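Let's take a friendly walk through a protein model, starting with the whole and then moving on to a few details. Have a look at the picture first, and keep it in view as you read.

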Amino acid sequence: MNLLATGDGSTVITIDVEEADRDAGGLAPEKLQAALEALRTDGLVVLADVVDLEHIDALHERMLSDLALLKARPDAPYNWTAGNIQQDPPPFEPYLFEDVLLNQHVIAVTAAILGPGLRNVMYSGNTSLPSDTRQPVHADMGHLWPSEALEIAHPPAQLVVNVPTVDVSAENGATEIWLGTHRDLTVGVGGDIEVPLDALEARREIEPPIQPVIRRGSVLIRDVRLWHAGMPNHTDRPRPMIAMVHVSHWLEVGTPLEFPASSKPFFEHPVLTTAARFTDQPSDHIYRSQGFGMVDA
């Protein structure tokens, strides 16, 4: 386990996944426990070096080539600003990789938090485009009950699994993260997912936000309720990041993901079920993404 510096004195818990962990098909007990504690306390943990870099590079190159088509849509799926666009990775061979979609180390962590019957209900992502704009601070989902009905935060029910395709830093739009805010009751079910300014200022006094540095090949797991925001990308290169969402078996969310019928055996897994529909029809991953909150492109 490491504490990963972010450049401003803040840290995120990073678990170093080594050869012995890979050979064992999971994480050593002390590493798993550290990951679980980080998720419970901070709402976020990073697993370092768990995705083959050749796989990452293949996805990165294809997503960059898809980007022009995505931006050319008349309803291009921007998220709040034209600096952040919703982008699905290619959902077909040769771009389906076990260490991305069915990563044994990630599943060891998410299954320990969410319990048996674990499901993945998302295979999408977002790309930070060269821009000086930022998103409002928000939670992807609020608590499952109204804030007024809760005295303390309920246990996690959904975990976001992020796979960056390049090294990420504040320079190229690392996500702003507000550690520990998954336990804050401000954002409840049915309410606005944007965090009110007064709540932000109150939280800033307790713990200011960070922009963690994440190297490619690593995976970031976070509680879906954690406050965060897409930030400006000050480079001239887009920064893609793949996203999945693992959910407890009892929670019905999302619509089935679509993959080619030929890929069905790939998704057979003893622990993680992919909520998928397998079809012989051509996949159109360019036109199925939907943005959120865009007012003016």
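## Surface and charge

The protein exposes about 13300 Å², and carbon and sulfur atoms supply 54% of that area. Keep in mind as you read that this is a predicted model.

What about charge? The side chains include 20 positive and 42 negative ones, and the centres of these two sets lie 2 Å apart.

## Overall build

The protein contains six helices and 14 strands. Along its principal axes, the C-alpha trace spans about 50 × 50 × 40 Å. For 297 residues, a compact globule would have a radius of gyration near 19 Å, and the 18 Å found for this protein agrees with that.

How much of the protein is buried? Buried residues make up 55% of the 297 residues. Contacts tell us about the fold too: among those in the protein with a separation of 6 or more, 84% are between residues 24 or more positions apart.

## Aromatic pairs

Now let's turn to the rings. A pair of aromatic rings is described by the distance of the centres and the angle of the planes. Searching the whole structure turns up eight aromatic pairs. One of them is formed by Trp 80 and Phe 292, which meet edge-to-face, at 5.0 Å centre to centre and with 65 degrees between the planes. This pair links distant parts of the chain, 212 residues apart: Trp 80 sits in the loop between β4 (78-79) and β5 (81-86), while Phe 292 belongs to the segment after β14 (276-279). Are these two partners buried or exposed? Trp 80 has a relative accessible area of 13%, so Trp 80 counts as buried. Phe 292, at 42%, is partly exposed.

Another pair brings together Phe 267 and Phe 278, and this one is tilted, with 5.8 Å centre to centre and 50 degrees between the planes. Here the partners are 11 residues apart, with Phe 267 in the loop between β12 (257-260) and β13 (273-274) and Phe 278 in strand β14. Phe 267 is buried, because its relative accessible area is 6%. Phe 278 has 26%, so Phe 278 is partly exposed.

## A cluster of rings

Which residues do ring pairs link into a cluster? The members are Tyr 123, Phe 259, Phe 266, Phe 267 and Phe 278. You have already met Phe 267 and Phe 278 as the tilted pair.

## Backbone details

Some points of interest lie in the backbone. Glu 93 and Pro 94 are joined by a cis peptide bond, with omega at about 5 degrees. You can find Pro 94 in the loop between β5 and α4 (98-101).

Where should you look for Asp 49? Asp 49 is in the loop between β3 (44-48) and α3 (53-72). Its phi is positive, about 60 degrees, although Asp 49 is not a glycine. With a relative accessibility of 32%, Asp 49 counts as partly exposed.

Trp 80 makes a second appearance here. Although Trp 80 is not a glycine, it has a positive phi of about 70 degrees. Its place is the loop between β4 and β5, and its ring is the one that pairs edge-to-face with Phe 292.

Note on methods. Residues are numbered from 1 along each chain as its sequence is written. This is a predicted model: local features need pLDDT of at least 70, side-chain atom pairs count only at pLDDT 80 or more; totals for chains, interfaces and linings use all residues. Side-chain values use heavy atoms; hydrogens and water are left out. Rings of Phe, Tyr and Trp (its six-membered ring) pair if their centres lie within 6.5 Å; planes under 30 degrees apart count as stacked, over 60 as edge-to-face and the rest as tilted. Helices (H or I, at least four residues) and strands (E, at least two) are DSSP runs, numbered from the N terminus. Buried means under 20% relative accessible area, exposed over 50%, partly exposed in between (1.4 Å probe, protein chains only). The radius of gyration is taken over C-alpha atoms; the globule rule is 2.2 Å times the number of residues to the power 0.38. Contact means heavy atoms within 4.5 Å. Accessible areas come from the Shrake-Rupley method with a 1.4 Å probe; for residues, only the protein chains shown count as cover. Lys and Arg count as positive and Asp and Glu as negative; His and the chain ends are not counted. The place of a charge is taken as NZ of Lys, CZ of Arg, CG of Asp or CD of Glu.
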